[in-house]
Amino acid sequence: MGKPSEGYREIDHTADWALHVWAHDLESLFGQAALGMYALAETVLQTEPRITRRIKIETRDLESLIVGFLNELLFISEQDIYGFDTFDISVKKYKLSGEISGSQIISQKKEIKAVTYHALEIKHSKNGFEVQIVFDV
Amino acid sequence: MMRMQDMQKINEYEWEIPVSFRSDMRVPVRIFATRRLLESVMQEKSLEQAVNAATLPGLVGRVLVMPDMHQGYGFPIGGVAATRYPDGVISPGAIGYDINCGVRLLSSKVEFEAVEDRLEHLATALDKYCPSGVGVKGDIRLTTKELDQVCRQGARWGLSRGYASDADLQRCEEFGTLDGADPDKVSQRAKQRGRPQLGTLGAGNHFIEVDVVEKIFDSEAARTLGLQEGFLAVQIHCGSRGFGHQICTDYVREFQGAIQRYNIKLPDRELVCAPLDSPEGQSYLAAMRAAANYAFANRQVLAYYARQAFEEVLGGRVNNWHLNQVYDIAHNMGKIESHKINGKNIKVCVHRKGATRAFGPGSPGLPPEYSKIGQPVLVPGSMGTASWVLVGTEQSMTRSFGSTCHGAGRVMSRRKAKKTIRGERLLKELESRGIHIRAGSLPGLAEEAPQAYKDVDAVVETVSGAGIAKKVARLRPVAVIKG
């Protein structure tokens, strides 16, 4: 059985956490990275009521865009206690825009301090995109 | 991957990776470790990360790695790097997201045997008074103006609010206040995160612990520090919370552009940096100092809460239940200091990430009463194992930019710890050894299990053997509060 066309997997890192994320396009890669991050933090969301937020980020390169996107989600989870599971976004060059929806966070077991640039490189192959992301916890 | 043969053995406790190892290294890497500790990190990336750190522009001397090293996310944990002031660089990633994460130690005149039956209550009271957990907010809601005061004044802010005493401030690294902090260099986002979090412990490896002073190794220093065998002490381990995390996040992002402007080539983007005398470097320095002051104030408020807990549980039951400040030190910080290099005193920015300042006797900036013994160094062990109190030495001044180790250092990944260690079982085991635990999350507890860390005693033996710190006392935990 082959690897599903998109997803994330936790990889070993002595002190912090790292995720391997892959997807057929950039939009799904960003969405999967977000889902992976919430899973690492053991975030549990309420089913209702659902909320939607508009999101717009522009950076100098693609790696900064994924770091900026995930840091934005961390900020919202701490400030407004919202988490997201649906990402209707478009990634054009170094601009991300669109709508993300989710709901209130019921519980979160782990604290993620930040998303790092450590060995960060979004790789493009014939099967799509992949990236390895290290989080400071 | 690094191999043992890439390292030159200097002596039993020191190893060196010469600049010839990789063409982009500017200085050698000096590792303080026994062969055994060194072998334990060969499978991971800490030494490779130290070699990467050795490429930073303006480095002087050597990049140092302490025996509690483990891989980080750019700069190794346990790393020390000094850059020439003002034309060398400052790197936010070489200081870390938790700016001024550090340890405060309080001593007491409470005899363990006299209060053994009250420890359960003490753990509960500490847990009640000291807010902890993921994203936790505290009882203090700072206004924008008050937060600016915290940024500028650090622990001193607590004086006017009744959280601190002069004696507390006297016994702090930098007397609890770093000069040169500028809240205007801090983003609104960081301030928004910082306002509700002062006086909170957070989660992860942060804790408040009640210890018993188990053994004294240097009676004169212990007497000076107020540590006595068989008596209780309290350790507080935490940092600048979301405020510091956001400041580091902001500047790591901003410096991605700075390295292009200053034409700096680096092997890892997390090491991004800017010259100390550049506008970018100066802004980060001022913002980092604001976060450092926030962390000093945070530990000050938590010390106040710990005192309330002691008063509630032990007040009237023993003659003296007061907690006296021993010292407060940072282990993630960038400091402008003067060090002797090749016989000449020069001004440098010392980056310490997972490393502690360890100034020797007679150094400037020590409280007068500690001048003779040297600066206290607080080395928390992993949960359930010993912690150590050390002092800086003359050798730490000449050989390690006045720095030494900061803890036990992880050996097992959080993923593996989570998979192999059951939180509930660990809790029972620790309780059966007489350690009262209050933990916000059982999986979180498992990740911090003693098995996931190096042996803190072996780390301390190494720095003491190498001469870059001297043993004063060993502490044994009896109550641990974790987020």
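**Aromatic cluster.** I looked up the ring contacts of chain B in this predicted model. Ring pairs join B:Trp157, B:Tyr163, B:Tyr304 and B:Tyr305 into a cluster. I then noted the total over all chains, which is 12 aromatic pairs.

**The pair B:Tyr73 and B:Tyr97.** I recorded the geometry of one of these pairs, B:Tyr73 with B:Tyr97: the centres are 5.5 Å apart and the planes stand at 50°, a tilted arrangement. The pair links distant parts of the chain, 24 residues apart. I placed B:Tyr73 in the loop between β4 (59–70) and β5 (77–84), and B:Tyr97 in the loop between β6 (89–90) and β7 (102–111).

Are these two rings buried or exposed? I found B:Tyr73 at a relative accessible area of 3%, so this residue counts as buried, the limit being under 20%. B:Tyr97 has a relative accessible area of 1% and is therefore also buried.

**Charges over rings.** I checked which charged group sits over the ring of B:Tyr73. The charged end of B:Lys353 does so, 3.9 Å from the ring centre. I noted a further case at B:Phe359, where the charged end of B:Arg357 sits over the ring at 4.3 Å from its centre.

**Helix α11 of chain B.** I compared the span of this helix, residues 279–314, with the expected value. At 1.5 Å a residue, its 36 residues should span 52 Å, and because the end C-alpha atoms lie 52 Å apart, the two values agree. I found α11(B) mostly covered, with 29 of its 36 residues buried. After the helix comes B:Gly316, for which I recorded a positive phi, near 85°.

Note on methods
Residues numbered from 1 in each chain as written. Chains lettered and ligands numbered in written order. Predicted model: local features only at pLDDT ≥ 70, side-chain atom pairs only at ≥ 80, totals over all residues. Heavy atoms only, no water. Helix = DSSP H or I, 4+ residues; strand = E, 2+ residues; numbered from the N terminus. Expected span 1.5 Å × (residues − 1). Buried < 20%, exposed > 50% of the residue type's maximum accessible area, 1.4 Å probe, protein only. Phe/Tyr/Trp six-rings, centres within 6.5 Å; stacked < 30°, edge-to-face > 60°. Lys NZ or Arg CZ within 6 Å of the ring centre and 35° of its normal.
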